[in-house]
Amino acid sequence: MGKKITLTVDGKQISVSAGMNVVDAAKEAGIEIPVFCHHPKMDPVGMCRMCLVEIGRPVRDRATGEFVMEDGKPKIQFMPKLETACTNKAEDGMVVVTQSPRVKDAQRGTVEFLLTSHPLDCPVCDKGGECPLQDLTMKYGPGKSRFDLSQKQHFEKALPLGELIYLDRERCIFCARCVRFQDEIAGEAVLAFDDRNRLTHIISESEPGFNSVFSGNTTDICPVGALTTTDFRFGARPWEMQAESSICMQCPVGCNITFNTRREAGSDGEIVIKRVMPRQNEEVNEIWLCDKGRFSTHHYAEGKERLTKPMLRKEDKLVRASWDNALKAAGEAFNANKKDFVVLASGRLSNEDLFNLKSLADTVGGETILYSDMGGGELTQLVGVGAGTNLSELGAGDAILVFASDLYEEAPIWHLRVKQAAERGATVIVAAGRQTKLDRFAKHVIRYAYGDELKTISDLAKGGAEIADEFAAAKNAVVFYGSDGLGVNGTSAVAAACADLLKETNHIGGPNNGLIGVWQRANDQGAFEIGFRPTEDLAKALKGKAVYIVGADPVGDDPNYAKALKGAKFVAVQELRESATTDIADVVFPAQAFVERDGSVTSGERRIQRFYATLPVKGDAKPDYAITALLAKQMGVILQSASASVVFEILAHSIEAFNELTYDSLAEVKEQWPIVGRDDMYYGGTTYANKKGMGVQLIPAAQAGGAVKIQKMRKEAALRPKADEVLAVPVNKLYDLGVTVKSAGILDERIGELKISVNSATAKKLDAEAGQIVKISFEGAQGEGVVKIDDSVAAGVALIPRSMGVAIHEPIIARAQIKTGGKAK
């Protein structure tokens, strides 16, 4: 707890933390001071003047510095003019008056001036019903305007700042929240004011327009209807929609979200999700979302490709079947091949789904494989960040190492939080084989050659150098490791080396210390906790087996996997949508989307969080855990399927790390700062307060007092290309062709085409120019992409984004050649 100070607001004595401004201090005490420009997450600017109040300060004796007393109390001196409450820090003994005639007159005048050129068309404004200007005008504004409405300033309507955000310049009140958010919070100053006086307006200074992965947040904090999103603008009224809590399934951060739903005539009377909104969790995503989560996390559950009935292969064709027949066919096939039974599942599934799958495989003697290019989850179980970790607490004296990961492209909210830690004084170290977005906020940047990852970590562990010594001396230290330029074996080795570094520097076993995996899917960490493991050679692991595939599309991702599955004894696929993998299946089971059921997931910080049913079930689809239980029954195994909560209860009793956890404990909430919600949107924006759970972090073995033994990994020889070759390196891209993103449609421009990044020297060796189409091939796989010149890439290296049409899972020597006459459009 920091120092407390005491002040009086409207006759009420309150105690708040030193350093708070008067608006925030009053808010904490439940006293309303209206604002437009002020936001508790950003620096105050005093632009709108709505928070004008009377402020009196204790008079001090100039000689002694002590308070001057009058009638036994400090003498209070008020300034002759009103002052902005947002730009004044609360002080000991300060007296604030927010309800005097002078203050009310100033508030009324401020609102009246704001309305001089603001359209008075609330009934057709997209912000109607959740508009701070509308609310504060009703409460503080005049009942009638004294200005000539014909003299209002007019602009062209619906100006796109980018493909996702539209600007209505007539509605803008120049609070600068959007400009300041992009500058202060996102660190991407792509918005600015242009022109002057009544012609002032917001512009985008980036190419393409509004080039930021955090753009959607500006619509949450805009206090008027100036900024709207492409997918929601004029789509529904706030009072027409219902709200349900959930978790974003696009990355391992586990952002807390709220789905807004409405019954749509245009969707044949079905209830649909209209928009995704942030839900406050200051220990996870605060009140922010990235655009990938906001605009794509729910579309995967929509569309004509949704599976609603079981299907069974007859005469080489998939035909609809009853649940009984489909389950019987799969059960008989798997029973006949128990020794070759393999479960392949991805981190798109919930903890409950993965637990039932693991239980089935273990009971019949089968194998479980995690569909992922990344290993090391057993190390995060051992030395993961301790329970009580909150990245917002890291600052001066602490260290954060980001290794083999571009957080901006893989987990944008973590990028945001690490950036903020750097601004608070934390030592941020970025170690990567290429340039990343976080480099400019880092104190130290280490650029290694792909293949030298373990040597780089070893040098940090040895000490003696400035960076190594600074990391070792840190009060708290967190390491993020990813899969940039690495496959399963590579990431496993890096995880072990990072875990050893943390152990040797005594940064394990406590809050704000430990290892975090930047996983490729939302619940990969949960899969590791339950016992799933990835394999380096998935094609070999599937060949000649009886395979049960759940929540994955290996055939669509890699032709080698397709070839392996064609030689499988039997293939059952459990999925939401039709895919290349369902096309080759012997049996297909339709699964419910996460928006149609309850469940839980485990974030990269090992935080277990609940999501809730939002939409009605499509057709005859069932929850994954229930389908597995029904299949298990056909195989003579009894599993629970009554509800997700019942399965979780069994899981919690079966896995030590989950002991004592219940759905009720996951649903617990606590007071958070800042105070946000739908009751006072003028203050924190339209984000939702958290009423359905903030989750619970698992306790790693190191924190629980268990032995910490880290297995040494065998170092593999680094690949070095010959003169006529390139080192093809897999990297991660935020917007890719993965079905959970591509199905959104709205993000097509951001997905773009496959770009293969090489430096100028490599391009010259290939006789290539920027924009030309290059054909790249290796070990039975090939693809085409557009050449992008990036001189931050090492010579002889070609960066190839995953999930963009070329099946690449680890660094590999490849041949590249320019396609004759090929030029990108």
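## A pocket, a buried glutamine and the domains

The second largest pocket holds about 1100 Å³ of space. A pocket here is an open set of points, on a 1 Å grid over the protein atoms alone, where a 1.4 Å probe fits, with protein on both sides within 12 Å along at least five of seven lines; lining residues have an atom within 4 Å of a point. The volume is the space filled by probe spheres set on the points, which are joined across faces, edges and corners.

This is a predicted model, in which local features need pLDDT of at least 70 and side-chain atom pairs count only at pLDDT 80 or more, while totals for chains, interfaces and linings use all residues. Residues are numbered from 1 along each chain as its sequence is written, and side-chain values use heavy atoms, leaving out hydrogens and water.

Of the 31 residues lining the second largest pocket, Glu409, Lys733, Arg750, Lys755 and Lys788 lie nearest its centre. By class, the lining has 10 nonpolar, nine polar and 12 charged residues (Asp, Glu, Lys and Arg count as charged).

Now to Gln672, found in the loop between helix H22 (663-666) and helix H23 (681-684). Gln672 is buried (under 20% relative accessible area, 1.4 Å probe, protein chains only), at 15%. A polar atom of its side chain lies 3.3 Å from the backbone oxygen of Gln280.

The domain assignment, automatic or from a database, is as follows:

| Domain | Residues |
|---|---|
| domain 1 | 4-140 |
| domain 2 | 151-301 |
| domain 3 | 311-372 + 527-656 |
| domain 4 | 377-518 |
| domain 5 | 725-823 |

The C-alpha centres of domain 1 and domain 4 are 42 Å apart.

Methods. Helices (H or I, at least four residues) and strands (E, at least two) are DSSP runs, numbered from the N terminus. Buried means under 20% relative accessible area, exposed over 50%, partly exposed in between (1.4 Å probe, protein chains only). A polar contact is a pair of N or O atoms within 3.5 Å; within protein, one must be able to donate a hydrogen and the other to accept it, and residues adjacent in sequence count only if both atoms are side-chain atoms.
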